[in-house]
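Here are my notes on the model, as numbered points. Please read them with the structure open.

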Amino acid sequence: KFSNLMSFVGENIIYKATCGSTNTEAMKLLSAENVPEGTVIITDNQTNGRGQRANTWTSEPYKNLTFSLILYPTWVMIQNSFLLNMLTAISIYKTLNTYIPNGLFVKWPNDIYYQNKKIGGVLIENLINQNKIKTSIIGIGLNINQTTFSLTNITSLSLVCGHEFNLSSLLTQLTDTIQTEYVLLAQGEIDILQKDYLAALYWVYEQRTFQDKAGYFQGVIQGVDAIGRLVVQKENGQIAYYECKEITFIA
Ligand code: BTN
């Protein structure tokens, strides 16, 4: 699908000293001009970062990676859009895994965790055209050099590793990894992606406590289905499928 197999992810970098949300900035840019595929919009000071489920994403200025990547995966049907969440989560996982060999997980759908603490998050916003993805804005927030957090269930790469990291070399490592995974996806290698995702999945195959609209229950995560729903086997053996927001991880 790519006639030009040179790297393009992260080749064009647009830097904003400060901005509200790089995802919103990407959206504005796309409506104003042609943007080359693989363009990254990055800021050192994101003031109004957005997360999934209408959450906010806060990041101390100059300490972390907060950026959005623009891709045109026009061959991906909307019902398969979870492939992009898997691609992004796995690319982050593989990148951080080079510094954190143990204890790193992808928490469904696409949070990055070290043990039971969140280290990064992903917010993907897709523009759709005739049941296919036209444009994907992949927003990534990773806690890298920040060492103090107001919440206790959050950590950073430097807190885990005990030293600071160079943000631009980490960005390059991550965009290179995304490029590799994206080319694999374009070639239809979704089995590899699914296998990698399952292997990294937080709480997979473990007996755990969850909460859904009916209340608390014990269950075991079996994986994720083709449309990205979490597949959980409940105590009574019944298999349940959850969309985002429909299930909470308890303990
Ligand atoms: C989440 O964990 O809920 C997702 C957080 C995503 C944060 C990133 S930071 C760069 C990009 N711009 C935003 O406004 N959000 C994403």
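1. Start with the term "domain": the bounds used here come from an automatic or database domain assignment. The model itself is predicted. The assignment splits the chain into domain 1 (13-200) and domain 2 (207-249). Taken over C-alpha atoms, the centres of domain 1 and domain 2 lie 25 Å apart.

2. Next, the contact between the domains. Domain 1 gives nine residues to the contact, and domain 2 gives seven residues. Which helices each supply at least two residues of the side of domain 1 that touches domain 2? They are helix 2 (82-97) and helix 5. That side of domain 1 has five nonpolar, three polar and one charged residues.

3. Now the sheet of seven strands. It is open, its order is 1-2-5-9-8-7-6, and its pairing is mixed. Strand 1 (13-16) and strand 6 are the edges; each has a single partner strand, so one side of each is left without a neighbour in the sheet. From one strand to the next, the twist averages 20°.

4. Within that order, look at strand 5 and strand 9. They run antiparallel and are joined by seven bridges. One residue pair to check is Thr66 and its bridge partner in strand 9, Gly141.

5. Helix 2 deserves a separate look. It lies across strand 6, strand 7, strand 8 and strand 9. Its direction is at about 150° to strand 8. Helix 2 is also one of the suppliers of the domain 1 side that touches domain 2.

6. Two backbone details need checking. Most residues other than glycine have a negative phi, and most peptide bonds are trans. Trp108 and Pro109 are joined by a cis peptide bond, with omega about 0°. Pro109 sits in the loop between strand 6 (104-107) and strand 7 (111-114). Asn131 is a residue other than glycine with a positive phi, near 65°. The place of Asn131 is the loop between strand 8 and strand 9.

7. The ligand comes next. Around the ligand are 20 residues, and Ser21, Gly51, Gly121, Gly139 and Gly141 come nearest. Which elements give two or more residues to this shell? Helix 1 (22-32) does, as do strand 3 (49-50), strand 5 (65-71), strand 8 (117-129) and strand 9 (132-142). By class, the shell divides into five nonpolar, 13 polar and two charged residues. Gly141 thus appears twice in these notes: among the residues that come nearest the ligand, and as the bridge partner of Thr66.

8. At the end of domain 1, look at how two helices pack. Helix 4 (residues 167-186) and helix 5 (residues 190-200) have axes that come within 8 Å and cross at roughly 130°. That crossing makes helix 4 oblique to helix 5. Helix 4 makes the contact with Glu181, Leu184 and Leu185, and helix 5 with Ile190, Ile192 and Leu193. Five of these residues are nonpolar, none is polar and one is charged.

9. Then the sheet of five strands. How are its strands ordered? The order is 13-12-11-10-14, in an open sheet with antiparallel pairing. Strand 13 and strand 14 (248-249) are the edge strands, and each pairs on one side only.

10. Take the pairs of this sheet in turn. Strand 10 (residues 207-212) and strand 11 run antiparallel, joined by six bridges. Asp212 is opposite Gly215 of strand 11. Strand 11 (residues 215-224) is joined to strand 12 (residues 230-234) by five bridges, again antiparallel. Val220 has Gln233 of strand 12 as its bridge partner. Strand 12 and strand 13 (residues 239-242) are antiparallel too, with four bridges. Here Val231 is opposite Tyr241 of strand 13.

11. Last, the hairpin turns. Strand 11 and strand 12 form a hairpin with five residues between them. In its turn, Gly228 has a positive phi of about 90°. A hairpin is also formed by strand 12 and strand 13, with four residues between them. In that turn, Gly237 has a positive phi of about 95°.

Definitions and conventions
Residues numbered from 1 in each chain as written. Predicted model: local features only at pLDDT ≥ 70, side-chain atom pairs only at ≥ 80, totals over all residues. Axes fitted to C-alpha atoms, helices over the stretch in contact; angles between N-to-C directions. Parallel < 35°, antiparallel > 145°, perpendicular 65-115°, else oblique. Contact = placed C-beta atoms within 7 Å. Nonpolar A, V, L, I, M, F, W, Y, C, P; charged D, E, K, R; others polar. Near = placed C-beta within 6 Å. Pairing = 2+ DSSP bridges.
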